[in-house]
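Thanks for making the time this morning. I would like to take you through two features of one model, a helix pair and then an internal cavity.

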Amino acid sequence: MIASNRGPVSFTLSEDGALTMRRGGGGLVSGLSEVARDSELLWVCAALSDGDRSAVRLAPGGRLDGAGYDTGPLRMLDIAPAVFHRAYNAVANSTLWFVSHLLYNTPFTPHFDGRFQREWESYQDYNGAFALALAEEAGHEARVMIQDYHLTLAPAMLRVERPDLRIAHFSHTPWAPPDYFSVLPDEVGVEILEGLLGADHAGFLTERWADAFMDCCEAFLGARVDRAARTVRYQDRVTHVGVHALGVDGPALLARAAEPDVESHLQVIKEQVGDRRLIVRIDRTELSKNIVRGMAAYREFLAEHPEWHGKVVHLAFAYPSRHDLPEYREYTAAVQRCAQEIEDEYGTDDWDPLILNMNDDYPRSLAAYRLADVLLVNPIRDGMNLVAKEGPILSQRCALVLSREAGAAAELGADALLVNPFDVSGTATALHDALVMPEEERVNRASRLRAAATALPPQRWFADQLDALA
């Protein structure tokens, strides 16, 4: 069984009341969807939209596979919108995400008061709804894989309901070190750690995040931590801590990138760019993705290297994210302003130095990967970052400029150009170094990046965690 906030499909409701189903978005869904099709499993997720809720209300017991949809075994939970909003936006995305990615502007935020206590209660209720659904659906001694920061409390809650189950939790985000985790109210931090320790196996993308989790368990719970064995003993239970790097299914990605819709986008981009060199970035307008500093680095690169004027284009796909939150709306506007300033300063009648596109289009992203000479991935902090892995698979000669704070740096750092995400000048220099890299070195690095990116595809990532629960 898989439990996650976002599911493998989503629904939109037209004006005439018709429902349209499409693939769910996000990196987690991308990583798990291929695995889910080849496995005997049930996926439990939340209804995220009015379309999702309409589909659930027409389905017996929320089981969409029982309502005629081609979803695979899927149960979608119709959680009250107010509870969902407080749990998802106020706690998961505005608190836990900010802690794990070290994003707070601490002179002003966070501000934990009575309102936050009500929001935390909704987060508890949200996790409880998942735990109850999993308890109802799980067969005897089933294996349950609970995903990400939305569901940190669910393992312990499910353990109470069904002690016979084997439970894993996997964190797709970074984990904050103790001195930053301590920003949370004491009782909240303890509840989160105890929630995860309800699992038999707690998984992380890199050793760095796993070590930070164990440090927090020792510092805030007084738990007995064996770092060599990667175990945490607490209240007479032992939780094993695993490191499972998530890679890309190379053959599947190559096959998808060769389909006609990608080819049509490829031709459009070629017409836009011409024979110029191409720097690509593909991100959500997520605060942690560091898009504004990336654009500032490109602007500085143009200022320092006028010889590249008219000879390079920065293609930036920045897809809107979390527009329910004011910080994200403001950040999206900042991305647009920065792009316009670069165009105003350097653009000519026959050269657009930066092309910004904010409409989510997966086939177009695959086309951009294929054409990239340089891929810029400079997050402030990232659990893994699959963009850094997908690009070198689709471009045989792509140079990767990569933040050292991305989890992917642990695997790709030797052949990427690593940058400090806060160092705009250093990133500008890395962009120039990537563009002038000798062709043989570029191809050899890309080959090694490709091998590293495909070493641990989703099927193996999934199977390793199942084996850990055996």
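Before the helix pair, a word on terms: axes are lines fitted to C-alpha atoms, for helices over the stretch in contact, and angles run from 0 to 180 degrees between N-to-C directions. This is a predicted model, in which local features need pLDDT of at least 70 and side-chain atom pairs count only at pLDDT 80 or more, while totals for chains, interfaces and linings use all residues. Residues are numbered from 1 along each chain as its sequence is written, and side-chain values use heavy atoms, with hydrogens and water left out.

The axes of helix 10 (residues 260-273) and helix 13 (residues 362-371) come within 8 Å and cross at roughly 60°; helices here are DSSP runs of H or I, at least four residues, and strands are runs of E, at least two, numbered from the N terminus. The two helices are therefore oblique to each other, that is, outside the ranges under 35, over 145 and 65 to 115 degrees.

On the helix 10 side, the residues in contact (heavy atoms within 4.5 Å) include Leu266 and Ile269, which belong to a set meeting Leu366, Ala367 and others in helix 13.

Turning to the interior, the count comes to 1 cavity of 30 Å³ or more, a cavity being a set of points on a 1 Å grid over the protein atoms alone where a 1.4 Å probe fits but cannot get out. Its volume, the space filled by probe spheres set on points joined across faces, edges and corners, is about 130 Å³. Of the 14 lining residues, those closest to the centre are Leu96, Ser100, Tyr149, Trp175 and Phe181, lining meaning an atom within 4 Å of a point. Helix 3 supplies the largest share, 3 residues.

How values were computed. On a 1 Å grid over the protein atoms alone, a cavity is a set of points where a 1.4 Å probe fits but cannot get out, and a pocket is an open set with protein on both sides within 12 Å along at least five of seven lines; lining residues have an atom within 4 Å of a point.
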